[in-house]
Amino acid sequence: MKISGIVCEYNPFHNGHLYHIEQTRKNGATHIVAVMSGNFVQRGDVAVLNKFERAKAAVRCGADLVIELPVAYCLSAAETYAKGAMYILKALGCVDELSFGSECGDISLLTAAVKASYACAKMPELEDLMKLGNSYPKALQILIRQTYGDEIGLLFSRPNNVLAIEYLKAMIAVKLKINPFTVKREAQHDSMATAGNTASASLIRQLMESQNEDFDDLVPEESSDSISACAATGMVARFENLERILLYKLRTATAEEIVQLPEVGQGLENKILSARNETSLESMLLSIKSKRYPMSRIRRILLDMLIGIHPEDTQNPPPYGRILALSERGRDILTAAKKAGTTLPFATSLSKLSELNEQCRACAELEARATAVYGLAQRTISPADSDYKAMIGMIK
């Protein structure tokens, strides 16, 4: 039995994700556990389909167990996002491997990039580059390229390489001693071009939005069926559908409330507050965005404000593992975890998990609130308490 862990968003599940799972199986994995973002994703957006639909599609396409990454970690910078996922994989106690995609497809290069990242993070030149208006990730990338050359430095210009590096760093941080395995990514992140029958999730979401473009060749049948069913019932979500409540939230927020949000500091609260007179979501975002504050960070902050996420929500490891979907092999993973002495409770019921202790209750309430907000992003608004009432079934 070889259990491989995958950190994912599957937004939506497409042929590139299927290829990744197939390559992980070819590398010897008999069982696959996916730690998946819930209804909100790390780029600061709503997931196009709800977490239960995406989890079921993943299991039908080859994953065995899908565990939700709590929303506070999903709407965090890459470092915190990666740590949250590694905490959950470590808690299972039975995972042998971490499998992830990357543009370079080379573990040795990614490992060298991790060492370069640690070294450059301590250099005084980093602060100088940030004073020029660069964001921390951009300043770090520039310094690494100056210090270690293009081969290592250019790794930090590709988003999946960056996430891969953060996964490797997070494994070190949480002392997760498992083998890393990377699959070279064919379709480029956010690319609007196809590569054979693969495409980025960004392109597929754009094709979904147009409603006139056929994308069936780019996603497995199980995922296509899920997309079609959700579209027919108005259960496809869009960030833009939150426009009025985001404008309302900003117009009624105080500087004291904004400065307490994750990723806010160095006067950014004033720049955010200055956007309260904007009359559209697009103009609001563009008025806050700058070289130092990229769009994904601004969108995460606004969603944190809307949901009520604070820095303390990620100060401790996730208090539980909420199961979104599983197969019979998924039960094997849970059995192996129990024998290994898992350090967290794992269950399908959010209500039952919330009753375990105070930390579990707080995390569950935050998750339920996030799902209630997510329901407003769909064309057909879902009930506010849908997360507590969701029924998780075994996927045959």
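Hi everyone, this is a short tour of one protein model, from its overall build to its sheet and its cysteines.

A word on the ground rules: this is a predicted model, where local features need pLDDT of at least 70, side-chain atom pairs count only at pLDDT 80 or more, and totals for chains, interfaces and linings use all residues. Residues are numbered from 1 along each chain as its sequence is written, and side-chain values use heavy atoms, leaving out hydrogens and water.

Let's start with the whole thing. The protein has 20 helices and nine strands; these are DSSP runs numbered from the N terminus, with helices being H or I of at least four residues and strands E of at least two. Its radius of gyration is 20 Å, close to the 21 Å that the globule rule gives for 396 residues, so the protein is as compact as a globular protein of that length. That radius is taken over C-alpha atoms, and the rule is 2.2 Å times the number of residues to the power 0.38. Of the 396 residues, 53% are buried, meaning under 20% relative accessible area with a 1.4 Å probe and protein chains only.

Now, the sheet. Seven strands form an open sheet in the order 7-6-1-2-5-8-9, with mixed pairing; two strands pair if DSSP finds at least two bridges between them. Which strands stand at the edges? They are strand 7 (179-184) and strand 9 (346-347), each with a single partner strand, so one side of each is left without a neighbour in the sheet. Strand 1 (residues 3-8) pairs with strand 6 (residues 97-102) in the parallel sense over two bridges, and Ser4 stands opposite Glu97 in strand 6.

Two helices to point out here. Helix 1 (residues 15-26) packs on the sheet and touches strand 1, strand 2 (31-37), strand 6 and strand 7, where touching means contact, heavy atoms within 4.5 Å. Helix 9 (residues 159-173) also packs on the sheet, touching strand 1, strand 6 and strand 7.

Finally, the cysteines. How many disulfides does a search of the whole structure find? Zero, with a disulfide being a pair of cysteine sulfur atoms within 2.5 Å. For Cys94, the closest cysteine sulfur is in Cys8, 16 Å away, which is too far for a bond. Cys360 is in no disulfide either, and its nearest cysteine sulfur, that of Cys363, is 7.3 Å away. Cys94 is buried at a relative accessible area of 13%, and Cys360 is buried at 0%.

Thanks for listening!

Conventions: Buried < 20%, exposed > 50% of the residue type's maximum accessible area, 1.4 Å probe, protein only. Axes fitted to C-alpha atoms, helices over the stretch in contact; angles between N-to-C directions.
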